[in-house]
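This report goes through selected contacts, strand pairings, charged pairs and helix packing. Residue environments come before the larger elements.

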Amino acid sequence: MQTMTSQTSRSSTADREIVTTRLIDAPRELVYEAWTDPEHVGHWFGPDGFTIATSSMDVRPGGHWVFVMHGPDGTDWPNVVTYLEVTRPSRLVYLHGDDKEPDMFHNTVTFEDEGGKTALTMRAVFKTAAAREFVVRERGAIEGGEQTIAKLARYVEGMRG
């Protein structure tokens, strides 16, 4: 299955968005669980070659997920997610950043049932077009998002047995 990333959309935030979609061969409840359970998320979250260490995860409106992403070059990337909306098992809305800038981007993840499979859409909206372009150019955000969702797909397909 292919992960598709759209660099454009018809919304007023199109120049600030990265939208990644994928049809995952697993029920949405399982995909949602893998995304929101600290026992699972550490197995797949992050681009290829990255690992994460979660220090806390409180998936509820106003709750936080605090973790460090460890890069293959040894760089540590502190991350803070602040949940704004949690609708099990269909939707997560959160701010994603770090301790210095906790709202680098706004992310909406939807989990739609497609006949026992999950149509996952991840829409990241940055504060400015320049901020989006920076993470695309300097941090490989498009490829990293696609790799992350591909890892999620492999992980949940393995969870199924």
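Outside its neighbours within four places in sequence, Thr-54 is in contact with Pro-38, Val-41, Trp-65, Val-66 and Phe-67. The model is predicted, and side-chain atom pairs count only at pLDDT 80 or more. Thr-54 belongs to strand S3, which covers residues 51-57. Its relative accessibility is 30%, so Thr-54 counts as partly exposed. Between Thr-54 and Val-109 the C-alpha to C-alpha separation is 20 Å, for a sequence separation of 55 residues.

A second threonine, Thr-148, sits in helix H4. Is Thr-148 buried or exposed? With a relative accessibility of 8%, Thr-148 counts as buried, because buried means under 20% relative accessible area. Residues up to four places away in sequence aside, Thr-148 touches Trp-44, Phe-45, Gly-46 and Pro-47. His-96 is 52 residues from Thr-148 along the chain, and their C-alpha atoms are separated by 15 Å.

**Helix packing**

Two packed helices are described by the angle between their axes and the distance between the axes. For helix H1 (residues 28-36) and helix H4 (residues 141-159), the angle is about 115° and the axes are 10 Å apart. The crossing of H1 past H4 is right-handed. On the H1 side the contact is made by Leu-30, Val-31, Glu-33, Ala-34 and Trp-35, and on the H4 side by Ile-149, Leu-152, Tyr-155, Val-156 and Met-159. Sorted by class, this contact has 9 nonpolar residues, 1 charged residue and no polar ones.

**Strand S8 and its partners**

Which strands pair with S8? Strand S2 runs antiparallel to S8, and 8 bridges join the two. Within this pairing, Thr-21 has Thr-121 of S8 as its bridge partner. Strand S7 (residues 105-114) is also antiparallel to S8, with 10 bridges joining them. Here Asn-107 has Ala-124 of S8 as its bridge partner.

S7 and S8 form a hairpin that leaves 2 residues between the strands. In the turn, Gly-115 has a positive phi of about 60°. Of the 10 residues of S8, 7 are buried, so the strand is largely enclosed by the rest of the structure.

**A cis peptide bond**

Most residues other than glycine have a negative phi, and most peptide bonds are trans. The peptide bond between Arg-88 and Pro-89 is cis, with omega about -5°. Pro-89 lies in the loop that runs between strand S5 (76-87) and strand S6 (91-97).

**Salt bridges**

Side chains of opposite charge can pair when their charged atoms come close. How many salt bridges does a search of the whole structure find? The search finds 7. Some of these pairs are listed below with their N to O distances.

| Acidic residue | Basic residue | N to O distance |
|---|---|---|
| Glu-17 | Arg-123 | 3.0 Å |
| Glu-85 | Arg-91 | 2.8 Å |
| Glu-133 | Arg-132 | 2.5 Å |

The bridge between Arg-123 and Glu-17 links distant parts of the chain, as Arg-123 is in strand S8 (residues 117-126) and Glu-17 is in strand S2 (residues 17-24), 106 residues apart. Arg-123 has 30% relative accessibility and therefore counts as partly exposed. Glu-17 has 3% relative accessibility and therefore counts as buried. The two strands that hold this pair are joined by the antiparallel bridges described above.

In the pair of Glu-85 and Arg-91, the relative accessible area of Glu-85 is 28%, so Glu-85 is partly exposed. Arg-91 is also partly exposed, with a relative accessible area of 30%.

The Glu-133 and Arg-132 pair joins a partly exposed residue to a buried one. Glu-133 has a relative accessible area of 37%, whereas Arg-132 has a relative accessibility of 3%.

Beyond the tabulated pairs, a network of salt bridges links Glu-101, Asp-103 and Lys-127.

Terms used
Residues are numbered from 1 along each chain as its sequence is written. This is a predicted model: local features need pLDDT of at least 70, side-chain atom pairs count only at pLDDT 80 or more; totals for chains, interfaces and linings use all residues. Side-chain values use heavy atoms; hydrogens and water are left out. Axes are lines fitted to C-alpha atoms, for helices over the stretch in contact, and angles run from 0 to 180 degrees between N-to-C directions. Helices (H or I, at least four residues) and strands (E, at least two) are DSSP runs, numbered from the N terminus. A crossing is left-handed if the near helix is turned anticlockwise from the far one by less than a right angle, and right-handed if clockwise. Contact means heavy atoms within 4.5 Å. Ala, Val, Leu, Ile, Met, Phe, Trp, Tyr, Cys and Pro count as nonpolar, Asp, Glu, Lys and Arg as charged, and the others, Gly among them, as polar. A salt bridge is a side-chain nitrogen of Lys or Arg within 4 Å of a carboxyl oxygen of Asp or Glu. Buried means under 20% relative accessible area, exposed over 50%, partly exposed in between (1.4 Å probe, protein chains only). Two strands pair if DSSP finds at least two bridges between them.
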